[in-house]
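These are my notebook entries on a structure that I am reading for the first time. I record what I looked up, one topic to an entry.

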Amino acid sequence: MRELELFFGPQHPGMVGNFSITLKVEGDRILEAIPNPGYLHRGFEKLMELRNWIQNFPMVCRINVIEPDSMEAVYAMAVESLANIEVPERAKYIRTIVLELARLASHLFGAWAYANMLGFDTPAQWAMADRDHILDLFEELTGGRVYHIYILPGGVRRDLPDGFEEKVMHFLHALSQKLPDYNETFFENRIFYERAKNIGKIEKEEAIEWGATGQVLRATGVKYDIRKVEPYLVYDKVEFDIPTREDGDAYSRILVIRDEMLESAKIIMQCIEKMPKGKVYERLPNPFKWKIPKGETYVRVESSRGELGLYMVSNGGNTPYRVHFRTPSFNHGLFILPRLLKGASIADVGNIMISLYVVAPEIDR
Amino acid sequence: MDKELKRRIEEIYKDTEVEFPEANRMVLKTKKENLLPILEFLKREGFRQLKAISCVDWIEEGEFELVYLLSSLNTPLHIMVKVRVGRESPEIETIMKIFENAQVYEREIHELFGVKFRGNPDLSPLFLENWQNLPPFRKDFDTREYVKEKFEQIPFVEEKK
């Protein structure tokens, strides 16, 4: 059979996000896959060196469109660590609630993308609708639906509005009641099982060697989660579990994601219960004159996709000297994806890519 | 355990500085020649995941600083191994033999900073197309000047007629 070169994406029904892969195929089999990113490269890390510490927030959140809050949190935590700012207790709880709501929204979006691509239109639309309820909550809290710019160094921008806790509880309750429907139509659907089982399989040792984090690593049976390894915010004060699976295929990854949604809901409920009263932010100096002492730091959080790290260097000026984001998708999309695609069929390209949870702007930055 | 690790590293690899700047963070400053043996040693000690490679352009000192971020599945300790290379024709050995996924990070640094990694099979550009200028993340590359040169000649729509 003749070997052909196939350009898959950036505009393709099986592709979510502006990312393209050059495939060398023989019939339906993929011989080699070469990822080709760069469609969303805006050079954020360089641009941040030209703007002061606070001005960077509107850029930070745009690195991950689907879950911007973890980006804001990691940037704020890095600035706090360099400038030695203590965050008030209530702000920590609010941040945790926001991060977990963002994780839920991101996982629902992921479920939408996955279900939609494989043709499960009904559960896909449910997931999108449920995500919209979270966006409504965010709109009430922060004023923005997708980009929030809510977490700032020293705390959060403002306190929770009246009745917000009840609305969150109401939403979580409604979502948990829908779960059997999701299970029946999507997660435990026989057709979906056949489609995702043994696809994009990755062994435990490989996952560790290849630097995988997040669901990709947890689906192979490794219990590794930054929220437990190095608890930040209030994750050491709430009880939750780290869901894992053993098989390491696409189906295991999506089940880990489903179970994580339940854990997120548990965390949010506990936070609402335990949240103390008090102030929500520390006063910051004038942002135009704010200089941060010399130093460097690496902070990390567990985003919905894996370990999100930020290496930040300050040379004592009013702008960062160097900002480097360690995004999970960079490793998953550029290094692991082509290895999993080798030998797969063309119909599974989008399937494997979405199960790795790759989001293109995180790669390009 | 961390103190023990520090003692052993300083004993085996001379001219290596080990510091603990904050909780769960260890910074190792070493020489170019020591890089591969140290990474191999740390990998044997359980730091099996390469999380990323960063690069910092210290233009006043005329050096690039490469930062290798390693972590372990068993301890919360996070290690940053730092190596400096000269800014004039920067070159260093690839670490792909130890951490395979270094390939993509080295490729990114090669594109954005112009550091060459000996032995890396694929250093083709990731993001930029037909880039003729200085590597864009270097401190002496001026983004604002570049934008002026590249885009200001394009006339506005009204001016065209």
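Entry 1. Helix 5 against helix 6, chain A.

I began with the residues that helix 5 of chain A brings to helix 6 of chain A: A:Thr122, A:Pro123, A:Trp126, A:Asp130, A:His133, A:Leu137, A:Glu140 and A:Leu141. On the side of helix 6 of chain A they meet A:Phe164, A:Lys167, A:Val168, A:Phe171, A:Leu175, A:Lys178, A:Tyr182, A:Thr185 and A:Phe186. I note at once that this is a predicted model. Sorted by class, the contact of these two helices has ten nonpolar, three polar and four charged residues.

I then looked up the geometry of the pair. The axes of helix 5 of chain A and helix 6 of chain A come within 10 Å and cross at roughly 170°. Because angles over 145 degrees count as roughly antiparallel, helix 5 of chain A is roughly antiparallel to helix 6 of chain A.

Entry 2. Helix 6 of chain A by itself.

Where does helix 6 of chain A bend? The helix, residues 164–187, bends by about 40° at A:Asp181. I listed its buried residues next, and they are A:Val168, A:Tyr182, A:Phe186 and A:Phe187. These buried residues pack against helix 4 (89–118), helix 5 (121–142), helix 7 (190–196) and helix 11 (250–274) of chain A.

Entry 3. Two single residues of chain A.

I chose A:Thr185, which has its place in helix 6 of chain A. Why is A:Thr185 classed as partly exposed? It has 18 other C-beta atoms within 10 Å, and a residue is buried only if 20 or more lie within that distance and exposed if 12 or fewer do, so A:Thr185 falls in between. Leaving aside residues up to four places away in sequence, A:Thr185 touches A:Phe120, A:Thr122 and A:Pro123. I also looked up its separation from A:Val313: the two are 128 residues apart in sequence and 48 Å apart in space, C-alpha to C-alpha.

My second choice was A:Lys274, found in helix 11 of chain A. Is A:Lys274 buried or exposed? With 11 other C-beta atoms within 10 Å, A:Lys274 is exposed, because the cut-off for that class is 12 or fewer. A:Lys274 and A:Arg90 are 184 residues apart along the chain, and their C-alpha atoms are separated by 9.7 Å.

Entry 4. The sheet of chain A.

I turned to an open sheet in chain A, where three strands stand in the order 1-2-3 with antiparallel pairing. Strand 1 and strand 3 of chain A are the edge strands, as each pairs on one side only. On average, neighbouring strands of this sheet are turned by 20° against each other, direction ignored.

I followed the pairings in turn. Six bridges hold the antiparallel pair of strand 1 (residues 3–8) and strand 2 (residues 20–26) of chain A. Within this pair, A:Leu6 has A:Leu23 in strand 2 of chain A as its bridge partner. Strand 2 of chain A also pairs with strand 3 (residues 29–36) of chain A, in the antiparallel sense, over seven bridges. Here A:Lys24 stands opposite A:Glu32 in strand 3 of chain A. The hairpin of strand 2 and strand 3 of chain A has two residues between the strands, and A:Gly27 takes a positive phi near 65° there.

Entry 5. Strands of chain B.

In chain B I looked up strand 1 (residues 17–19) and strand 2 (residues 25–30), which run antiparallel and are joined by three bridges. B:Val18 stands opposite B:Leu28 in strand 2 of chain B. The two strands form a hairpin with five residues between them, and B:Asn24 in the turn has a positive phi of about 65°. Strand 2 of chain B runs parallel to strand 5 (residues 78–86) of chain B, with six bridges between them. In that pairing B:Met26 has B:Ile79 as its bridge partner in strand 5 of chain B.

Entry 6. Where the two chains touch.

How many residues of chain A are in contact with chain B? I found 28 residues of chain A in contact with 25 residues of chain B. On the side of chain A, at least two residues each come from helix 1 (44–48), helix 8 (204–209), strand 7 (306–314), strand 8 (322–326) and helix 12 (328–341). The residues of that side divide into 14 nonpolar, seven polar and seven charged.

Technical notes
Residues are numbered from 1 along each chain as its sequence is written. Chains are lettered from A and ligands numbered from 1 in the order in which they are written. This is a predicted model: local features need pLDDT of at least 70, side-chain atom pairs count only at pLDDT 80 or more; totals for chains, interfaces and linings use all residues. Two strands pair if DSSP finds at least two bridges between them. Helices (H or I, at least four residues) and strands (E, at least two) are DSSP runs, numbered from the N terminus. Two residues are in contact if their C-beta atoms, placed from the backbone, lie within 7 Å. Ala, Val, Leu, Ile, Met, Phe, Trp, Tyr, Cys and Pro count as nonpolar, Asp, Glu, Lys and Arg as charged, and the others, Gly among them, as polar. The bend at a residue is the angle between axes fitted to the seven residues ending there and the seven starting there. Axes are lines fitted to C-alpha atoms, for helices over the stretch in contact, and angles run from 0 to 180 degrees between N-to-C directions. Angles under 35 degrees count as roughly parallel, over 145 as roughly antiparallel, 65 to 115 as roughly perpendicular and the rest as oblique.
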